[in-house]
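Q: Please take a close look at the largest pocket. What lines it, and which elements contribute?

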Amino acid sequence: EADEEERKDLFKVIVFLENGPWLVKRAVPKKPVLIGRKVTMHSYHEPGKYLEVVLDVASSRADQMACAMVIGALRKVTLVYSVLIEAREEEELPENLLVTAMARAWDPSRASSPVER
């Protein structure tokens, strides 16, 4: 049971760009990343019920530029990613994946998201 600040140091993301433009491949990290240390992250947790993680991947000007580059190339990219909780103690090993997904030739114009009201 970690609070929101502690969870920022626990969520690890592993990204693999299977194919895509050279510049985008250079922008994708080669090693697992503790995502809460790299982008603005908020998490909401009710034990036994749900865990929600919200990432603001465009909170700074540099992040916005990187996102624009990636969004522009999404139709040419095959991206595989996994999310897991980082093990901090020996008894927490091996780490288990929470989710793994792949996006191939994704069209951002067809995406939708919930609207805040």
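A: The pocket comes first, then the sheet that shares strands with it.

This is a predicted model, in which local features need pLDDT of at least 70, side-chain atom pairs count only at pLDDT 80 or more, and totals for chains, interfaces and linings use all residues. Residues are numbered from 1 along each chain as its sequence is written, and side-chain values use heavy atoms, with hydrogens and water left out.

The largest pocket has a volume of about 1,100 Å³. A pocket here is an open set of points on a 1 Å grid over the protein atoms alone, where a 1.4 Å probe fits, with protein on both sides within 12 Å along at least five of seven lines; lining residues have an atom within 4 Å of a point. Volume is the space filled by probe spheres set on the points, which are joined across faces, edges and corners.

Of its 26 lining residues, Val 15, Val 57, Cys 67, Val 70 and Leu 79 are the closest to the centre. Two or more lining residues come from each of β1, α2 (22-27), α3 (61-73), β5 and β6; these are DSSP runs numbered from the N terminus, helices being H or I of at least four residues and strands E of at least two. The most, five residues, come from α3. By class, 24 lining residues are nonpolar (Ala, Val, Leu, Ile, Met, Phe, Trp, Tyr, Cys and Pro). Two are charged (Asp, Glu, Lys and Arg), and none is polar (the others, Gly among them).

An open sheet of four strands runs β2-β1-β5-β6 with antiparallel pairing, where pairing takes at least two DSSP bridges between strands. β2 (33-34) and β6 (97-104) each have a single partner strand, so one side of each lacks a neighbour in the sheet. β1 (residues 11-19) and β5 (residues 78-85) pair over eight bridges.
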